[in-house]
Amino acid sequence: MKLLSLLTILFQITFGFSANGQGDSTHQNIIKQKWYKSTTFKTVAAPVLLIGYGISVTGPNGFPFSSRQVQAEAVKTFPGFRTSIDDYLAFSPGALALGLKLSGIKTEHTLLDGFLLYAFSFGLSEGIVEGLKYTVHEMRPDGSDNLSFPSAHSSAAFSGAEFLHQEYINQSGWYSAAGYSLGAATGILRIINDKHWFSDVLVGAGIGILSTKVVYLVYPIIKKKLTKHKRQVGFLPLID
């Protein structure tokens with residue numbers, strides 16, 4: 001299994017599960033309807049499925065291949081491969097979103113709102129990931145420590161990729177594709193760096209995507225309540 005094959009599989013799983021048809025659904029008001037048609041269900045279903053699939057391929061189990069099989073093939077194909085690019089690549093989707101904003105391309109939110117949305121999304125995803133790391137204690141493929149599951153690099157990259165998708169989907173789908181490609185590349189590099197199992201990457205990606213989607217779902221509600229409260233006590237809205 002070559003690098004291109006791994007990259008293609010990871011990109012198809014994450015982008016296909018999460019980005020397709022999810023452009024501005026999280027910005028709509030929540031209305032009473034059948035549960036499987038609700039905004040909440042559409043928001044969480046795709047990344048939850050991704051997390052579930054990641055768990056299903058843990059260890060020697062999985063279809064069409066397990067994390068152990070992927071790791072063995074990666075080590076065989078790229079023996080001794082090491083790079084630190086993934087340490088920077090993990091933040092590249094968020095950096096791309098900021099660069100596009102500063103270049104004048106229209107986004108769904110103001111710079112301040114965008115910053116808060118990204119900060120909350122990143123904070124939520126990393127909080128969940130770190131909590132799981134110190135609960136599960138999965139040994140890394142290279143044996144360096146027992147904080148392998150899930151991948152924090154992948155959660156950061158895909159949280160940023162989903163943020164980029166949410167902010168620029170109405171401008172061009174290529175921005176979404178770029179963000180998810182960067183996320184997929186981050187995950188692939190974590191695998192061939194022998195730092196993470198395939199399952200770590202999938203679950204980390206799902207957590208990153210889910211965190212961003214949840215924040216986009218609840219942020220308008222929180223902002224509305226904060227604005228209303230500030231007006232009631234005689235102050236201008238803190239978030240404008």
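Is Leu98 buried, partly exposed or exposed, and what is its relative accessible area? Let us keep that in mind while walking through the views of this predicted model.

**View 1. The whole protein chain, an arrangement of helices without strands.** Welcome to the overview: the secondary structure comes to nine helices and zero strands. Followed along the sequence, the pattern reads α-α-α-α-α-α-α-α-α. The protein chain has 240 residues, and buried ones make up 46% of them. Among contacts with a separation of 6 or more, 77% are between residues 24 or more positions apart. The accessible surface comes to about 11900 Å², and carbon and sulfur atoms account for 65% of that area.

**View 2. Leu98 and its partners in a nonpolar surface patch.** Here is the reply to the opening question: Leu98 is partly exposed, at a relative accessible area of 45%. That value falls between the 20% limit for buried and the 50% limit for exposed, so "partly exposed" is the label that applies. Leu98 belongs to helix H5, which covers residues 92-102. On the surface, Leu98 joins Leu102 and Leu111 in a nonpolar patch. Together, these three leucines offer about 310 Å² of accessible area.

**View 3. Val44 in helix H2, shown with Leu217.** Now for another helix: Val44 sits in H2, spanning residues 39-56. With a relative accessible area of 24%, Val44 is partly exposed; buried would require a value under 20%. Leu217 is 173 residues away from Val44 along the chain, yet their C-alpha atoms are separated by 10.0 Å.

Note on methods. Residues numbered from 1 in each chain as written. Predicted model: local features only at pLDDT ≥ 70, side-chain atom pairs only at ≥ 80, totals over all residues. Heavy atoms only, no water. Patch = residues over 30% accessible without salt bridge, like charges linked within 9 Å, V, L, I, M, F, W, Y side chains within 5 Å. Areas by Shrake-Rupley, 256 points an atom, 1.4 Å probe, with all protein chains shown as cover. Salt bridge = Lys/Arg side-chain N within 4 Å of Asp/Glu carboxyl O. Helix = DSSP H or I, 4+ residues; strand = E, 2+ residues; numbered from the N terminus. Buried < 20%, exposed > 50% of the residue type's maximum accessible area, 1.4 Å probe, protein only. Contact = heavy atoms within 4.5 Å.
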